[in-house]
Each structure stands twice: as C-alpha cells, then as structure tokens.
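Me: I've got a model open here and I'd like to talk it through with you. Mind if I fire off some questions?

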Amino acid sequence: MPLVVRLARSLLRSAARPGPAQRGLISGPPEQPLGPGESVVGLLAMFVAFLGPAAWVLAHLEDYKKRE
C-alpha cells in the first residue's frame, strides 16, 4: 500500500473515532456570581464590539458619499 494512502487512512481513522471525554466541564450555577461591575464591563465590551463599527460608518456617511 502506498505511503500516502496509509497516511490518509490513519488520519481519517483518528478523526472519525471519538476521543476521550472532556474533563472539567461543570454545569450549573457559578460558584462565584458576577458582580455588577463585571456585568457592566462585559455589556460595554459587547456594545462597542457590535455597534461601534456601525456607528462609525453612520457618523462618516457623508465622507463615504463624496466621490473625489
């Protein structure tokens, strides 16, 4: 059997076989709840990440309309 075929077989076999179960995943409520400061920082970061670029484009719309 050619080397390429054996290599492809071994790669595909390991990808199709399920690996060991992940450890350390805990479901349920957190042991230490988030405080209000951490919540504000997280919401502010999401606001800037999602709405910041759209606000930039809308604020500079007149510059984009100019064709120089």
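Me: Does Glu 62 count as buried or exposed?
Reply: Bear in mind that this is a predicted model. The cut-off for exposed is over 50% relative accessible area. Glu 62 comes in at 53%, so the label is exposed.

Me: Which residue does the side chain of Glu 62 meet in a salt bridge?
Reply: The contact runs N to O at 3.7 Å, and the cut-off is within 4 Å. The partner is exposed too, with a relative accessible area of 53%. The residue that meets Glu 62 is Lys 65.

Me: How far apart are Lys 65 and Glu 62 in terms of helical turns?
Reply: Both sit in helix α3, which covers residues 61–65. They are three residues apart there, so the separation is about one helical turn.

Me: How many salt bridges does the protein have by this rule?
Reply: The rule asks for a side-chain nitrogen of Lys or Arg within 4 Å of a carboxyl oxygen of Asp or Glu. Lys 65 and Glu 62 satisfy it at 3.7 Å. The count comes to one.

Me: What is the order of elements from the N terminus on?
Reply: The protein has three helices and zero strands. From the N terminus on, that reads α-α-α.

Me: In which helix is confidence highest?
Reply: The protein averages a pLDDT of 83, and 81% of the residues score at least 70. Helix α1 (residues 3–16) is where confidence is lowest, with a mean of 71. Where pLDDT is low, the coordinates shouldn't be read in detail. The highest mean, 95, belongs to α2.

Me: How far apart are the end C-alpha atoms of residues 40–59?
Reply: UniProt, in an unreviewed entry, lists residues 40–59 as "transmembrane region". In the model this stretch is 100% helix and 0% strand. Its end C-alpha atoms are 25 Å apart.

Me: What accessible area does the nonpolar patch with Phe 47 have together?
Reply: Phe 47 is found in helix α2, residues 36–59. Patch residues need over 30% relative accessible area, and Phe 47 is partly exposed at 48%. Leu 43, Leu 44, Met 46, Val 48, Phe 50 and Leu 51 join Phe 47 in the patch, and together they have about 760 Å².

Me: What percentage of the protein's residues count as buried?
Reply: Buried takes under 20% relative accessible area. Of the 68 residues, the share that counts is 0%.

How values were computed. Residues are numbered from 1 along each chain as its sequence is written. This is a predicted model: local features need pLDDT of at least 70, side-chain atom pairs count only at pLDDT 80 or more; totals for chains, interfaces and linings use all residues. Side-chain values use heavy atoms; hydrogens and water are left out. Patches are made of residues with over 30% relative accessible area and no salt bridge: like charges are joined within 9 Å, nonpolar side chains (Val, Leu, Ile, Met, Phe, Trp, Tyr) within 5 Å. Accessible areas come from the Shrake-Rupley method with a 1.4 Å probe; for residues, only the protein chains shown count as cover. Helices (H or I, at least four residues) and strands (E, at least two) are DSSP runs, numbered from the N terminus. Buried means under 20% relative accessible area, exposed over 50%, partly exposed in between (1.4 Å probe, protein chains only). UniProt positions are given in the numbering used here, feature names are shortened, and annotations may be inferred rather than shown by experiment. pLDDT is the predictor's confidence in each residue, from 0 to 100.
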